[in-house]
Amino acid sequence: MYNMSCYNPSSFILVGIPGLEKFHVWIGIPFCVMYVMAIVGNCILLYLIAVEHSLHEPMYFFLSMLATMDLILSTVTVPKLLSNLWLGSQEITFSGCLTQMFFLHFSFVMDSAILLVMAFDRYVAICFPLRYMTILTLPVIIKLVVSIVMRSFSVILPDVFLLKRLPFCRTRIIPHTYCEHIGVARLSSADISINIWYGFAVPLMTVILDVIFITVSYTFILRAVFQLSSQGARQKAFSTCGSHICVILMFYTPAFFSILAHRFGHSVPQNVLILFANFYVAIPPALNPIVYGVKTKQIQDKFILLFSLKKSQ
């Protein structure tokens with residue numbers, strides 16, 4: 001019975017942010033504000049794209065996918081964080097921990113894949129503007145969506161089984177605010193070398209490849225833009241890509257910093273690493289709708305029109 005409970009523990013304890021317990025109430029306030037911003041901003045974005053026929057284009061369809069993944073990423077982590085900080089609810093069931101871990105990593109890999117598809121969309125729009133609608137047809141878009149969903153699902157699902165095979169007899173206290181693959185695996189007294197190698201290989205096979213292909217896409221885009229003779233056409237092309245570049249930087253910069261800090265920043269205090277990891281899952285979902293609202297004129301116009309109609313009624 002003891003061995004069975006080791007392989008199927010009832011629950012884990014999420015410590016929160018060690019060393020900052022007396023500030024937990026205050027730390028929760030900015031995360032609550034960012035979560036509300038993420039929910040409201042992404043829901044408005046999804047509503048505008050759904051009801052406005054002028055936004056029924058490939059670019060905005062991919063943007064709606066990004067907004068959906070942002071909602072999943074923030075919802076799977078921030079509410080549990082707030083209940084931990086404000087209510088002292090530290091316990092999470094084993095199945096709940098695995099579910100949180102799966103959707104956390106799945107949404108991260110999906111976000112990266114969507115940014116790659118959006119970079120391809122901008123490449124076609126700027127380098128082949130006259131053939132844009134003939135290249136990005138509905139069947140092509142469906143194939144792209146199915147392929148990135150299947151890729152993300154197939155590379156993250158093994159994480160669940162790699163954790164389920166481990167015994168957790170030594171400790172069930174997770175020094176974090178949410179469950180992530182390697183953090184949970186380190187609680188086991190068994191050999192976790194497979195978990196470590198797989199956890200290293202997945203970002204290499206997915207996220208790093210996505211970054212390489214995004215860089216290649218923007219290299220071709222910049223070459224095409226600088227070949228334009230008109231200054232106005234150049235500015236229009238840069239404004240078209242501006243919001244996407246901002247979102248790419250907001251997504252990848254803290255992600256790589258967090259990964260490098262966890263791997264090599266042994267002198268960095270643990271509470272700083274945990275705080276940064278939480279800001280990473282809270283800030284991009286909150287700011288992405290604002291970036292696209294400010295940088296994309298079509299969304300900005302529809303947003304203003306929506307609220308002007310509400311006021312006139």
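Visitor: Let's start with Ile174. Which strand does Ile174 lie in?

Guide: Ile174 belongs to strand β3, which covers residues 173-174. Keep in mind as we go that this is a predicted model.

Visitor: How do I read burial here; is Ile174 buried or exposed?

Guide: The general idea is a cut-off: under 20% relative accessible area, a residue is called buried. Ile174 has a relative accessible area of 2%, so the residue is buried.

Visitor: And what is Ile174 in contact with, leaving aside its neighbours within four places in sequence?

Guide: There is a stretch from Phe12 through Ile13 and Leu14 to Val15, and then Cys97, Cys179, Val184 and Leu187. For a long-range view, take Phe303: 129 residues separate Ile174 from Phe303 in sequence, and their C-alpha atoms are 42 Å apart in space.

Visitor: Phe12 makes me think of cores. How many residues does the largest nonpolar core have?

Guide: A core is read as a set of buried nonpolar residues joined through their side chains. In this model the largest one has 74 residues, and Phe12, Leu63 and Leu115 are those with the most contacts inside it. The biggest contribution to this core comes from helix α5 (residues 94-127), with 19 residues. A separate core of 15 residues lies apart from it, and includes Tyr35, Ala38, Leu81 and Ala286.

Visitor: What does Leu115 touch, not counting residues up to four places away in sequence?

Guide: Leu115 touches Leu66, Ile214, His244, Val247, Ile248, Phe251 and Tyr252.

Visitor: Now a polar residue, please. Where is Ser74 found, and is Ser74 buried or exposed?

Guide: Ser74 sits in helix α3, residues 58-75. With just 1% relative accessibility, Ser74 counts as buried.

Visitor: What does the side chain of Ser74 reach?

Guide: For a buried polar side chain, look for a partner atom. Here the side chain of Ser74 reaches the backbone oxygen of Leu71 at 3.3 Å. Setting aside neighbours within four places in sequence, Ser74 is in contact with Tyr35, Ala38, Pro79, Val281 and Pro285. Two of these names, Tyr35 and Ala38, also appear in the 15-residue core.

Visitor: Which backbone oxygen does the side chain of Ser188 reach?

Guide: That of Pro167, at 2.7 Å. Ser188 is found in the loop between α8 (181-185) and α9 (193-226), and at 5% relative accessibility this serine counts as buried. Beyond its neighbours within four places in sequence, Ser188 is in contact with Leu166, Pro167, Phe168 and Arg170.

Visitor: Let's move on to the surface. Which residues form the nonpolar patch?

Guide: A patch is read by grouping accessible side chains of one kind. This one is made of Phe23, Val25, Trp26, Ile29, Val33, Met37, Trp86, Leu87, Leu287, Ile290 and Val294, and together they have about 1,100 Å² of accessible area. The elements giving two or more residues to the patch are α2 (24-51), α4 (78-87) and α11 (270-295). Of these, α2 gives the most, with five residues.

Visitor: Where is Trp86 found, and what is its relative accessible area?

Guide: Trp86 is in helix α4. Its relative accessible area is 38%, so Trp86 is partly exposed.

Visitor: One last residue: how far apart are the C-alpha atoms of Thr215 and Arg122?

Guide: They are separated by 12 Å, although the two residues are 93 residues apart along the chain. Thr215 is found in helix α9, and with a relative accessible area of 47% Thr215 is partly exposed.

Methods: Residues are numbered from 1 along each chain as its sequence is written. This is a predicted model: local features need pLDDT of at least 70, side-chain atom pairs count only at pLDDT 80 or more; totals for chains, interfaces and linings use all residues. Side-chain values use heavy atoms; hydrogens and water are left out. Helices (H or I, at least four residues) and strands (E, at least two) are DSSP runs, numbered from the N terminus. Buried means under 20% relative accessible area, exposed over 50%, partly exposed in between (1.4 Å probe, protein chains only). A polar contact is a pair of N or O atoms within 3.5 Å; within protein, one must be able to donate a hydrogen and the other to accept it, and residues adjacent in sequence count only if both atoms are side-chain atoms. Contact means heavy atoms within 4.5 Å. Patches are made of residues with over 30% relative accessible area and no salt bridge: like charges are joined within 9 Å, nonpolar side chains (Val, Leu, Ile, Met, Phe, Trp, Tyr) within 5 Å. Accessible areas come from the Shrake-Rupley method with a 1.4 Å probe; for residues, only the protein chains shown count as cover. A salt bridge is a side-chain nitrogen of Lys or Arg within 4 Å of a carboxyl oxygen of Asp or Glu. A nonpolar core is a set of buried Ala, Val, Leu, Ile, Met, Phe, Trp, Tyr and Cys residues joined through side-chain atoms within 4.5 Å.
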